[in-house]
Amino acid sequence: MGHLITVATSLNQWALDFQGNYERIIESIAIAKQRGAAMRVGPELEIPGYGCYDHFLEGDTVLHSWEVLAKILSGEDTMNILCDIGMPVVHKNVIYNCRIIIYNKQILLIRPKMWLANDGNYREMRYFTPWMKHRQWEDHYLPRIIQAVTKQTKVPFGDCVISTVDTCIGVELCEELFTPSSPHILMGLDGVEIFTNSSGSHHELRKLYTRVELIKEATLKLGGVYLYANQQGCDGDRLYYDGCAMIAMNGHIVAQGSQFSLNDVEVVTATIDIEDVRSHRTSRSRALQAATTERYHRIEVPFALSGGKFGETGGEQTPGLRLSLHEARFHRPEEEIALGPACWLWDYLRRSRTQGYFVPLSGGVDSCATAVIVYSMCRLVADAARRAEKQVIADARRIVGEPEDSGYIPSDPREFCGRIFHTCYMGTENSSVETRKRAKDLALAIGSYHVDLNMDSVVTSVVDLFSFVTGAKPRFEVHGGTGAENLALQNIQARLRMVLSYLFAQLLPWVRGRQGGLLVLGSANVDESLRGYLTKYDCSSADINPIGGISKTDLKKFIAYAQDAFDLPILRSFLDAIPTAELEPMSETYVQADEADMGMTYDELSVFGRLRKVEKCGPYSMFTKLVHEWGAILSPVEIAEKVKHFFFEHARNRHKMTTLTPAYHAESYSPDDNRFDLRPFLYASRFPWQFRKIDQVAAALPDRSNLGPEKAKTD
């Protein structure tokens with residue numbers, strides 16, 4: 001048979017934006033047809049948007065999804081192309097996450113999801129029910145709005161496959177690829193040659209490799225063509241869906257889309273030959289298994305994906321298989337930080353219809369990283385503007401307040417940054433000249449509108465008010481005060497910075513002769529949140545936080561990367577500086593340092609966080625693991641003290657997570673209390689039973705820390 005062109009898409013859908021979602025679906029179908037494709041696959045739940053959450057329980061969401069599908073079916077856009085479209089469907093009063101397979105204004109099949117994502121960030125079983133009747137189907141009676149268009153009363157609903165004139169197509173949905181017994185295995189043994197996967201998979205640092213390997217493995221042993229479509233962008237919450245639509249064949253990546261993009265629609269195409277699949281499937285062991293496998297019900301459609309043995313594929317041609325085989329492309333973690341949160345910030349900014357961002361710059365790495373991510377966003381906007389991306393240019397003009405007939409093009413990232421990004425250094429008597437200068441120099445380098453102020457008068461007024469009311473004058477510890485006085489005097493500085501941030505964010509546009517307000521960005525990293533090393537309702541409290549899911553270790557690598565990639569030599573001074581809150585008076589013998597305050601290093605925090613969340617360790621199991629990992633450098637008693645200190649601080653500060661600013665999800669050990677890391681916020685924080693067991697075992701274990709790593713491993 002001849003070659004055929006297949007298509008997978010990445011769409012920047014938005015929860016409940018039915019009009020915008022419809023337009024993006026239609027645009028993707030039009031692009032697919034222009035390229036000569038005979039089949040188009042879109043992301044999961046693309047009509048209502050994946051992130052509707054409890055809105056999926058509302059009848060309106062299902063109703064409007066059917067209305068959008070009716071509009072798609074009634075037009076000429078879907079003629080002569082097989083389309084796979086996602087939406088929720090109520091079948092016999094049960095809500096299912098479904099794919100609707102349509103062709104020439106007809107619904108061929110409604111395929112419900114069989115294995116639902118229900119851990120980590122996902123709660124699909126809260127809204128949907130999995131289809132448990134594998135390889136079975138029933139009649140689904142269509143709503144009247146669809147009957148009026150298709151003239152169909154009922155259609156197949158269940159686990160079926162589509163049989164065209166020249167091949168067979170099966171559907172797999174997102175999580176089903178990740179399960180041990182994925183549907184593509186039995187479908188492939190029953191003769192399915194093309195698998196579609198419509199996904200709503202979010203970005204996490206270093207996660208893409210796992211997804212790519214699963215897609216390659218799905219067709220390596222089995223043979224076949226795998227079309228992977230994914231949502232891309234922020235659709236209204238903490239997640240960024242990282243696109244990267246792919247087409248794989250026989251264990252090779254044939255085509256791969258971008259992982260991070262400002263474009264609302266991206267279509268990935270590849271020209272393949274089904275005969276290559278059939279050649280791949282000639283092994284005897286595969287044939288023996290296929291001969292005994294249970295059959296799927298096949299829904300026949302009088303349509304061929306290819307043009308015949310020597311047929312022309314037509315449209316905008318893409319290279320054939322032999323020319324387009326390549327290894328999958330992966331960004332380094334520091335590049336992922338530069339791109340993912342930047343795209344998320346752009347979507348949030350344009351969809352919230354605000355006028356820009358505001359960040360309090362402290363002169364430290366965290367607020368520096370937030371500022372550089374905003375600058376990265378401006379660079380992406382400028383790149384898109386230079387490519388004449390109409391939607392990006394239109395959004396940029398509206399954000400900066402240009403009139404509708406303006407010819408403004410945001411082609412200079414520093415100029416655009418100066419119009420939408422506002423920074424402020426809020427110094428006190430405890431601040432150093434070095435941090436003030438670093439903040440000012442960074443603002444100058446990236447072009448932000450910068451304000452430099454001293455807030456001692458505000459701090460003094462609040463402390464004086466307390467003294468007037470109580471008759472007591474609190475002092476810092478270095479001046480003879482107690483620990484309670486010392487902490488209170490630090491916290492009032494931190495909390496006043498939050499109050500001033502919102503004041504300046506609301507009024508700086510007015511000062512500059514513009515309307516609207518700014519969104520305040522937070523700068524607390526994932527490790528400090530995990531440890532609770534932040535003041536509740538200080539500058540960690542903001543509208544959103546682009547670095548709240550990123551570790552300090554990764555942020556430093558990102559800053560080092562951006563120094564050269566963005567041509568910002570000022571960033572070296574941030575990396576060389578000792579992290580400090582600058583909330584206490586400095587002396588010749590004392591300078592406040594974060595790691596000393598926390599009682600642990602940032603590298604240790606990353607280890608604790610990963611063991612606690614990813615490896616699911618409590619205090620005792622974490623101790624036993626670290627005895628093996630750290631036993632060559634620390635004694636069991638020292639390891640025990642570190643583990644106990646971490647769990648004590650994490651537990652007694654857990655309440656801070658309940659008010660944590662919504663942050664970009666980037667790390668698998670995030671302590672986000674909203675839906676990812678569900679824990680109590682009132683603990684018996686001294687863990688008497690657990691800690692006693694740790695102490696008993698630590699006392700009995702030999703100290704091997706003086707043997708050296710190699711000797712300790714072999715003994």
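## Leucine 489 in helix α17

Leucine 489 is found in helix α17, which comprises residues 483–511. In this predicted model, leucine 489 has a relative accessible area of 9% and is therefore classed as buried. Beyond its neighbours within four places in sequence, leucine 489 is in contact with Val463, Pro474, Arg475 and Phe476.

Glycine 170 provides a reference point elsewhere in the chain: 319 residues separate leucine 489 from glycine 170 in sequence, and their C-alpha atoms lie 64 Å apart in space.

## Serine 163 in strand β8

A second buried position is serine 163, whose relative accessible area is 14%. Serine 163 belongs to strand β8, residues 161–163. When neighbours within four places in sequence are set aside, the contacts of serine 163 are Cys168, Arg298, Ile299, Glu300 and Val301.

## The parallel sheet and helix α12

An open sheet is built from four strands in the order β19-β18-β17-β20, with parallel pairing. The edges are occupied by β19 (449–454) and β20 (519–520); each has a single partner strand, so one side of each has no neighbour in the sheet.

Within this sheet, β17 (residues 357–360) pairs with β18 (residues 421–427) in the parallel sense through four bridges. Tyrosine 357 has phenylalanine 421 of β18 as its bridge partner. Helix α12 lies across both β17 and β18, and runs at about 155° to β17.

## Packing of α12 against α14

Helix α12 (residues 365–386) also meets helix α14 (residues 413–420): their axes come within 8 Å and cross at roughly 125°. This angle makes α12 oblique to α14. The crossing of α12 past α14 is right-handed.

On the α12 side, the contact is made by Val374, Tyr375, Met377, Cys378, Arg379, Val381, Ala382 and Arg386, and on the α14 side by Pro413, Arg414, Phe416, Cys417 and Ile420. Sorted by class, the residues in the contact of α12 with α14 are ten nonpolar and three charged, with no polar residue.

## Packing of α11 against α19

Another helix pair is formed by α11 (residues 333–352) and α19 (residues 552–565), whose axes are 8 Å apart and which pack at an angle of about 80°. The two helices are therefore roughly perpendicular to each other.

Helix α11 contributes Glu334, Glu335, Ile337 and Ala338 to the contact, while α19 contributes Asp554, Lys557, Phe558 and Tyr561. By class, four nonpolar and four charged residues take part in the contact of α11 with α19, and no polar ones.

## Strand β4 and its two hairpins

Strand β4 (residues 94–103) is mostly covered, since nine of its ten residues are buried. On one side in sequence, strand β3 (residues 82–91) pairs with β4 in the antiparallel sense over nine bridges. Histidine 91 has valine 94 of β4 as its bridge partner. The hairpin of β3 and β4 has two residues between the strands, and lysine 92 in this hairpin takes a positive phi near 55°.

Strand β4 is also joined to strand β5 (residues 106–112) by six bridges, and the two run antiparallel. Isoleucine 102 stands opposite isoleucine 107 in β5. The hairpin of β4 and β5 likewise has two residues between the strands, with asparagine 104 taking a positive phi near 50°.

## Positive phi in two loops

Leucine 16 has a positive phi of about 70° although it is not a glycine. This residue is found in the loop between β1 (4–11) and α1 (18–34). With a relative accessible area of 34%, leucine 16 is partly exposed.

Tyrosine 537, also not a glycine, has a positive phi of about 65°. Its position is in the loop between α18 (526–531) and α19. The relative accessibility of tyrosine 537 is 41%, which means that this residue counts as partly exposed.

Terms used. Residues numbered from 1 in each chain as written. Predicted model: local features only at pLDDT ≥ 70, side-chain atom pairs only at ≥ 80, totals over all residues. Heavy atoms only, no water. Axes fitted to C-alpha atoms, helices over the stretch in contact; angles between N-to-C directions. Parallel < 35°, antiparallel > 145°, perpendicular 65-115°, else oblique. Left-handed = near helix turned anticlockwise from the far one by under 90°. Contact = heavy atoms within 4.5 Å. Nonpolar A, V, L, I, M, F, W, Y, C, P; charged D, E, K, R; others polar. Buried < 20%, exposed > 50% of the residue type's maximum accessible area, 1.4 Å probe, protein only. Pairing = 2+ DSSP bridges.
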